[in-house]
Amino acid sequence: MKPITNPTKFSRHLSTATQRTQTIHQNAEAFVIQILDNNPDFKTLKEIHSKIISDPHLYSDTSLAIKLMRAYAAHGKPEITRKVFDEIPERNNVICNVMIRSYVNNHFYKDAILMYKSMVASGVMPDHYTLPCILKACSGSNSLRFGVQIHCPAVKKGLDLTLYTGNGLVAMYGKCGNLVEARRVLDEMPYRDIVSWNSMVAGYAQNGRFDEALEVCKEMESLSVIPDPGTMASLSPAITNTRKENVVFVKKMFLNMAKEELVAWNVMIAVYANNSMSSEAVSLYSLMEAHGLKPDAITIASVLPACGDLSAVSLGKRIHEYVVMKVLRPNLSVENALIDMYAKCGCLQEARKVFDEMQIRDVVSWTSMMSAYGRSGKGHEAIELFSKMQELGLVPDSIAFVSILSACSHAGLLNEGKYYYKLMREEYKIVPRLEHFTCMVDLLGRAGRVNEAYDHIKRMPVEPNDRVWGALLSACNVYNNMDIGIIAADHLFQLAPEQSGYYILLSNIYAKAGRWKDVTLIRLFMKGRGIKKIPGVSNVELDDRVHTFLAGDRSHPRTAEIYDELDILLGKMKEAGYVPKTDTALHDVEEEDKENHLLVHSEKLAIVFGIISTKRGIPIRITKNLRVCEDCHIAIKYISKITDRRIVVRDTNRYHHFESGICSCGDYW
DNA sequence: GCCAACCGTG
């Protein structure tokens, strides 16, 4: 080899070569970083991963490995994250923190805790990044004991009162139910932010202590800490069935808040929807759209139950189209809510279509579909679904059994109902709750086993509520059992003294037995207690508007046409054999001309309005706030045949699908 | 090089 004569020149040459290689490496690295930092899709991510593996320079770069780990975690693949982690030769807190966070963000709490333990065991010290994260693992897995084990060393290191760790501790104690300790940590923190307060609010709300959660909100206000959308979100676990004044409080909070965040709207809609304020929920949804905000999957899942409740099927359908257009599917909550919305609007086929098109179904999906069939009297279809669900290895829960039991009772499937009750207790070890007892009493009662139903109540290990006794009273009315009826009514007058329906049921029982004195007595009793009969109201939706009718209503702009048509229809019905069934009008405590009164029941008016307002062939959907009376039931069967229309009536607890003179309930309701 | 709370369906 030729001796080097000019070392300077050579070194210059060497140096440019190194630079060039370095530049290549830098370019490659910058390229990889750029991709990893921009949420690559899974395919790109895997390509980048193999590129890193094939290049020793990139492979040995720990910061790239960290980015790779985060990207895999973001794709919900903590197992792959772990593989990358295991190949990194060095161990420090940052690397371990990223691994723990990958587990935690994917709900692999146990793995996160194991990782934490091995980190400590190998001498890597947890820091102020580790603690908030591992505390979240404790919250997520409800491990108060381990949480406390984290708290102690945190105190020793003086990290317990730092903002992020302190907040994590408040959240952990709150989630695990130790609210005293959560509050103590909050009080001792020298510096708190909105997250600290929201964590405290969430703690109370998660434990069903809504009043105390609101107290914290009030405290915040008094300290000039302005509640934010996160505060609303924190309240939400406790918002179901709360008192009116609490709804008012949350509404005030919402109104005082900046409106550009979807979360605040979502929570407010859910508050309305979960407190029997469906029309408010739907109005707020429209207002939100008018505000220019685009609903997300959570908005949709929150507002759909309200649509179902109002039978607002055209809004429901529009939302469905939006879901399809915005590709908010597949999403379990959204799809399940769609099934239920359609089911509550009486659109069984549409509900089934959503169900059939789902890629993944959970117990909620199956339950929604089963109760859709159940409420329409299609007990065998519900049973078929239940078996399919079992075959697929899904475990029915308590609510799934409520749904199948009620399907059996509505369809008169006594033995099947008894079988599922047994299955629930013996195979699935589910302790029956009030809802199940109500179903069983209803099942036995509807099948005419009134005594057995009463025995079932007597054997209940929990105090029966008004719904249980109500089911028994209904059965007594159907099967003319006055003795047990009086017992049931006695309980009901104490448990639900303001519910007029129960007085009317009892008066019905007396009337059928010819005990007119007792009928009068009940009427006086109701008067004395100031109880008014709830007027029957029927709704029918037309072009996005809900039209409401009372019995004998003459307030609708098209009243004249409605009554003319009713008259014509009545003639045709009588020709076909319809005889008004006046003895069911006994429940009318007011003495009125029975036949005439029957003819103008709200559902009849609503149906006639539907007929004159829509084209032939369009089904008519009615929602009623009371049960359909027997006369209307007979009349609607005739109407469906004469006008050749499908008529769907939703009453308080079930659906009647009338078609060609037949009702889906098989006259059993 | 990496952090915390909080919103949905039967």
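Which residue in strand 6 stands opposite E659? I looked this up first and found that E659 stands opposite I662.

**Basis of the entries**

I am working from a predicted model, in which local features need pLDDT of at least 70 and side-chain atom pairs count only at pLDDT 80 or more, while totals for chains, interfaces and linings use all residues. Residues are numbered from 1 along each chain as its sequence is written, chains are lettered from A and ligands numbered from 1 in the order in which they are written, and side-chain values use heavy atoms, with hydrogens and water left out.

**The sheet**

I took helices (H or I, at least four residues) and strands (E, at least two) as DSSP runs, numbered from the N terminus, and I counted two strands as paired if DSSP finds at least two bridges between them. On that basis I noted an open sheet of six strands in the order 2-1-3-4-5-6, with mixed pairing. Strand 2 (545–550) and strand 6 (662–663) stand at the edges with a single partner strand each, so one side of each has no neighbour in the sheet.

I then followed the hairpins. Strand 4 and strand 5 run antiparallel and are joined by four bridges, with four residues between them in the hairpin; in strand 5, H657 is the bridge partner of V648. Strand 5 (residues 655–659) also pairs with strand 6 in the antiparallel sense, over two bridges, and in this second hairpin, with two residues between the strands, S660 takes a positive phi near 45°.

I checked burial next, where buried means under 20% relative accessible area, exposed over 50%, and partly exposed in between (1.4 Å probe, protein chains only). Four of the five residues of strand 5 are buried, so the strand is largely enclosed by the rest of the structure.

For helix 34 (residues 602–613), I recorded that the helix lies across strand 1 (537–542), strand 2, strand 3 (620–624) and strand 4 (647–650), and that it runs at about 15° to strand 1. The axes are lines fitted to C-alpha atoms, for helices over the stretch in contact, and angles run from 0 to 180 degrees between N-to-C directions; contact means heavy atoms within 4.5 Å.

**The nonpolar cores**

I used nonpolar core for a set of buried Ala, Val, Leu, Ile, Met, Phe, Trp, Tyr and Cys residues joined through side-chain atoms within 4.5 Å. The largest has 179 residues, and I134 and L472 have the most contacts inside it. Helix 16 (residues 262–273) gives the largest share of this core, 10 residues. Apart from it I found another core, of 32 residues, among them V600, A606, A635 and I647.

Leaving aside neighbours within four places in sequence, I found I134 in contact with I100, A112, I113, Y116, F146 and I150. I also looked at L131, which has its place in helix 8 (residues 130–140) and is buried, with a relative accessible area of 4%. Not counting residues up to four places away in sequence, L131 touches Y116, I150, A154, L159 and T165.

**Two covered helices**

For helix 16, I compared the end C-alpha distance of 16 Å with the 16 Å that its 12 residues should span at 1.5 Å a residue, and the two agree; the expected span is 1.5 Å times one less than the number of residues. Of the 12 residues of helix 16, 11 are buried, and the buried ones pack against helix 14 (229–235), helix 15 (244–255), helix 17 (278–290) and helix 18 (297–310).

Helix 26 (residues 434–446) has 13 residues and reaches 18 Å from its first C-alpha to its last, close to the 18 Å expected. I noted that 11 of its 13 residues are buried, including H436, D442 and R446, and that what covers them includes helix 24 (398–411), helix 25 (414–427), helix 27 (450–458) and helix 28 (466–478). Just after helix 26, G448 takes a positive phi of about 90°.

**Annotated repeats**

From the unreviewed UniProt entry I copied the annotation "repeat: PPR", which covers residues 92–126, 193–227, 261–295, 331–361 and 362–396; such positions are in the numbering used here, feature names are shortened, and annotations may be inferred rather than shown by experiment. Over residues 261–295 I found 71% helix and 0% strand, with the end C-alpha atoms 11 Å apart.
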